[in-house]
Amino acid sequence: MRRIWNPGVQEWFGRILIFSWIPGFLIFSASASEQVQIGSKKFTESYVLGEIAKRTLTDAGISAEHRQGMGGTIILWEALRSGQIDVYPEYTGTITQEILKRSDELTFEQIANELGKAGIGMTEPLGFNNTYALVMLRSRAEELGLHTITNLKNHPELKFGLTHEFLDRQDGWRPLAQHYQLNPQNVIGIDHALGYGALGKGSVDVKDAYSTDAKISENDLVVLEDDRQFFPQYKAVFLFRYALPTPAIEALRKLEGTIKEAKMTRLNAEAERTKNYTRAANLYFEDSSGSTRLRQGYGVASNAFGETFPHKLARWTARHLELAAFSLLLSVLVGIPLGIFASRGGAIGHAILGFAGIVQTIPSLALLALLVPLPFFGISVRTAIAALFLYGLLPIVRNTATGLQDIPRALRESAIALGLSPAARLWQIHLPMASRSILAGIKTSAVINVGTATLAALIGAGGLGEPILSGLNLNDHATILQGAIPAAILALLVQSLFDLLDRVLIPKGLRL
Amino acid sequence: MSALVQLVGVSKTFGDAAAVHAIDLSVERGKTTVLIGPSGCGKSTLLRLIIGLLQPDSGQIQFDGTQLRADKIDIVRRHVGYVIQEGGLFPHLTARGNILLMARHLGRPKNEMLARLSELCALTRFPENLLGRYPLELSGGQRQRVSLMRALMLSPELLLLDEPLGALDPLVRAALQKDLKEIFARLRQTALLVTHDLAEAAYLGDEIVLVNEGRIVQQGSLADLREKPASSFVSEFINAQRSLAVI
């Protein structure tokens, strides 16, 4: 379970925060150097292992602090190297692929050597191997008589809902599909936690999971056997700074070989059930039973097939624009009338502006999460468009309202005194006079939508967020930039497009 | 000849302060009536009541013998032109667009509209080649001429002017005063003009109505006001303006 339970924007923001605060952290860590700082990644198993390390150190009389769920591999690794943290749990496969960026399988000693060059030590394996697995609902698998990954070959109609990270990993979906010669018709990218819901509802049939995942027993899933040994080894270890005092290192080393898979799965299940990671960690110290189940696997490095980059970029960009443009259109169609009502003030006007303001304060990720359980929405493009639509609403409503309210009273009254009907006043006088403000609102919404549409990838709606999410999870800057650069360029283009539209749509008399 | 507009016991209150109080006023046909008084005396409020931008709290306003009603006000408005201090021109429309706005809204024939437009340009001495300009491209005096054309476009029975020359410099102001007087005379226009300048009132007005604190203090010609002041306020008001004129 080395990957991320809720990969996405928190991590993205977290990362920006961490990078921008590094100088502050350095000062902080220097002053707090007495205490051992333990980090963990943003998923249950990492939390539990972090808590186990904390208790082990505390029991050995060493003061320790656990900073839970700091982010993904890149964040933890950078934090460890820069001394913000001293220890964190990691997996051998992740170290090889994501940190050392090696495509070949390294021996344990080779990994230790490479890390040593960066001043980082590694414990012996803790005892369990948490590798990838493909899982299905037990009932569905039995109905189709599926037991192994090879069996999937005969069922190209099955829908695969895979995490973005798995889709893009060097040891992920593409080489797996090649290895097993799978050619399913329908493969979508979906957030890990949401994927379980989709599996339960039958909107996807197969998803990726981790072999010690508590959700497997919780949701009555079966692991399809890796009968042609594709998945590599992901043995859990602790990484630590050489600078750590010897007693602390010795205490951590006592954990080596003591956590077997069955035990880890039980601790994970306890943590998931109670949401109390300390309590789950304490279970480790209460019993020491557990069975060993070792599996052999090997890594496959090639990503020889798949679409070319320009083709992928075109696909991401087209989807991105589709999401942003359609949601913007809805925001305009709904936002301008709402803004007109709001400009008239009164209880309804305040209610409209208040509602639009509140929507804007909901973090975009939370808004997505709120929409997903609703019947009509779920894991779909609809949800992404609805969220973007709601986000785009406020700037348009507010700018329409203020643009109309800013029309001088003398001019409003002149229009009335002329005898123009209310409709004629709105269309011929008020809206043209407010056009600059309204267009500025639409421009703001458009730029927000282009930026926020990167989040659509979290719920499988695609767009330029796909490479960004994959890159964040993979600790791969190049992949992040494949999405981030086009998204930034797109935002600039949208901005210029609206600057041009200003010249066409704002009456000349207002531009003098 | 009967009055075109008749106000009987009209009062209007804003919050606690009475803007106008039990006003009786007649605007005679074919004449220019001038409302004059210090700032905030309620003279603009009277204009806004007649054009229906405000509803009276009590009293009656009759236009051409019929009582004003909120639901029929748009029909009355087509018979009334309204000019305000800054012109009230819409910045997104050209001079032509501003002048023709209402006629177009009513679907008047194009030939008729353009003929009327030429006529008005001649009347107000506005160069026709400037009709394509936007208000921001015109001088203050030109803007007021456009505003006047817009008010006169539908040949209104009544012209309301709320300090139309208040924001102009003295030379332009003098030229426009002269033009206004000629226009009113030529059209035999019924007009109700608000100003705080006694000289302007005397020059343009057939009848001067002095208003103070929401009440009519005295009504008549300048000579009446000067020689038979109804109260010490009337003398003070006239003397204040005359002393300025002497300097």
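**Backbone outliers, helix packing and confidence in the predicted model**

Glu163(B) is located in the loop that connects β7 (158-162) and α6 (170-187) of chain B. In this predicted model, Glu163(B) adopts a positive phi of about 45 degrees although the residue is not a glycine. With a relative accessibility of 13%, Glu163(B) counts as buried, because the cut-off for that class is under 20%.

A positive phi also occurs in chain A, at Gln229(A), another residue other than glycine, where the value is near 40 degrees. Gln229(A) is placed in the loop between β9 (221-224) and β10 (236-241) of chain A. Its relative accessibility is 37%, so Gln229(A) counts as partly exposed.

Helix packing was examined in chain A for α15 (residues 309-343) and α20 (residues 422-452), which pack at an angle of about 145 degrees with their axes 10 Å apart. The crossing of α15(A) and α20(A) is right-handed. On the side of α15(A), the contact involves His320(A), Ala324(A), Ser327(A), Leu328(A), Val332(A), Ile336(A) and Ile340(A). These residues meet Leu426(A), Leu431(A), Ile438(A), Ile442(A), Ser445(A), Ala446(A), Asn449(A) and Val450(A) in α20(A). By class, the residues of this contact comprise 11 nonpolar, 4 polar and no charged.

Chain A has a mean pLDDT of 83, and 88% of its residues reach 70 or more. Over residues 1-33 of chain A, pLDDT stays under 50, and the model has 82 contacts beyond four places in sequence for this stretch. The pLDDT is also below 50 over residues 288-306 of chain A, a stretch with 46 contacts in the model beyond near neighbours in sequence.

Key
Residues numbered from 1 in each chain as written. Chains lettered and ligands numbered in written order. Predicted model: local features only at pLDDT ≥ 70, side-chain atom pairs only at ≥ 80, totals over all residues. Heavy atoms only, no water. Helix = DSSP H or I, 4+ residues; strand = E, 2+ residues; numbered from the N terminus. Buried < 20%, exposed > 50% of the residue type's maximum accessible area, 1.4 Å probe, protein only. pLDDT = per-residue confidence, 0-100. Contact = heavy atoms within 4.5 Å. Axes fitted to C-alpha atoms, helices over the stretch in contact; angles between N-to-C directions. Left-handed = near helix turned anticlockwise from the far one by under 90°. Nonpolar A, V, L, I, M, F, W, Y, C, P; charged D, E, K, R; others polar.
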